[in-house]
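The following exercises concern a single protein model. Please study the sequence and the structure before reading each solution.

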Amino acid sequence: MDKNYALVIRRPGDIALEERPMPVPGPGEVLIQVRYVALCGSDGKLYAGTYTAPHHYPIILGHEWIGQVLACGRGVDDLETGDYVTGDCSLYCGKCPACALNRNHCEVIEKRGITVDGGCANYITVKRRHIYKCPCGEADCKPFVLTEPTAVTANGILKRVPNSFLNRVERAAILGAGGIGLLSMLSLSEFPIREIVMVDMAENKLEMVKRFGLDNVTTCNSTDALEGSFDLVVEAAGATPTLQACSRIAAPAGHIVLLGHQHEANVDFGEIVKKSLTIHASNGSTGGFIKAMQIIEGHPDLISMLITDTIPLRAAADYIAQGKHLVNNIKVVIDMMA
C-alpha cells in the first residue's frame with residue numbers, strides 16, 4: 001500500500017495534509033481506500049471556526065465520500081474486495097432507545113468528519129453497520145460521492161412527508177438552490193408535481209437550475225416575488241428570512257420541510273395554526289441512503305452537474321485556505337488519488 005495522507009483541520013484557519021498510520025480493520029470493520037470526498041458547508045465552517053454544533057479539533061474532514069473495499073475484518077462476510085461503498089455521517093450505536101426511533105439522534109452519536117475523524121484520508125476503517133454498498137464500479141462511481149447529501153433530502157422529505165400527500169402536490173417551492181436544494185428538487189422528480197419553483201438570490205445557482213432542463217421547474221430570486229401559494233415548501237437555505245417565509249407562502253393544509261441548519265428565529269405560529277400547516281424538521285442522513293443511491297442511479301448525469309470543481313488531494317489544503325470552495329461552486333470534490 002502507499003502512504004496514508006489525510007486532510008486535517010488542526011484548528012480554525014489551519015489546514016494541512018498530514019501523514020497518518022495505515023489503519024487495520026478490527027472485528028466488524030472494513031478497510032477502505034477512499035476514491036472521492038465532497039466538501040460540505042460544514043467543512044467550511046469548521047475551517048473558519050464558525051461551526052456551532054458539537055465538533056472537535058484537530059479533525060480529518062469529510063463526511064461525504066466513496067471508496068473501494070480493500071479488506072474486511074472478522075465477522076464481515078457480505079462485502080468483497082473491490083466493492084464500492086459509502087457510509088453514514090451519523091455514527092450511531094444501534095442499541096439505545098433513541099436509535100430505535102431515529103438513529104441520527106443516538107444517545108452517544110458521533111459525526112464523521114465533525115466530532116471524529118472523517119473520510120478525507122487515503123485509507124480509512126469503518127464499522128460495517130455504517131457502510132452501504134454502491135451500485136457502481138470505477139467508471140461510474142463519482143456521482144455516488146454525493147450519496148450522503150442526497151440522503152439528507154431523502155430522509156428529510158421522502159421519509160417524512162406521506163407519499164399520499166406528495167402524489168397530490170400541485171405546486172412546490174424549494175427555498176435555497178445550493179446542493180441540498182438541488183438534491184431536494186431531484187428527490188421530488190418521481191412525483192407528478194405540476195410546478196417546482198426554486199428560489200435563491202444567487203444568479204449562478206439559478207442558472208444551474210435552468211441547465212438541468214426539467215420542464216416543471218422554474219426559478220425566482222426572492223420569496224417576495226412568488227405568486228400564489230404552495231402545497232409543499234422545503235427550506236434548504238438555513239436562513240432566518242426563508243424560514244419565516246415558509247408559513248406565508250404555504251397553502252392551507254400544506255406541508256413544510258425544514259432541512260437548513262437554523263439558529264433562533266421569530267416565526268408566526270398564528271399563521272401556522274390558522275392554515276393547519278404540518279411542519280417536518282429533519283437533521284441527518286441516516287435512513288435515506290438506499291433511496292439516495294436509487295436517485296443517483298436514476299439521474300447520474302444531473303447529479304454530476306452539481307460537481308462544479310474537482311481538485312487533487314495534494315492541492316486541497318491551499319484550495320480551502322484561499323477560499324476557492326466558496327466561489328461560484330455547488331459541490332467541490334477532492335480526487336483522493338491525484
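**Exercise 1.** How many nonpolar, polar and charged residues are in the lining of the second largest pocket?

*Solution.* The model is predicted, so local features need pLDDT of at least 70 and side-chain atom pairs pLDDT 80 or more, while totals for chains, interfaces and linings use all residues. Residues are numbered from 1 along each chain, and side-chain values use heavy atoms, without hydrogens and water.

Step 1. On a 1 Å grid over the protein atoms alone, a pocket is an open set of points where a 1.4 Å probe fits, with protein on both sides within 12 Å along at least five of seven lines; lining residues have an atom within 4 Å of a point.

Step 2. Among the 14 lining residues, Ile60, Asp117, Gly118, Ile124 and Thr125 are the closest to the centre.

Step 3. Sorted by class, the lining holds eight nonpolar, three polar and three charged residues; Asp, Glu, Lys and Arg count as charged, Ala, Val, Leu, Ile, Met, Phe, Trp, Tyr, Cys and Pro as nonpolar, and the others as polar.

**Exercise 2.** Determine how many disulfides there are, and explain the result for Cys106 and Cys134.

*Solution.* Step 1. A disulfide is a pair of cysteine sulfur atoms within 2.5 Å, and the count is zero.

Step 2. For Cys106, the closest cysteine sulfur belongs to Cys93 and lies 3.6 Å away, so the distance is too far for a bond.

Step 3. For Cys134, the closest one is in Cys136, at 4.8 Å, which is also too far for a bond.
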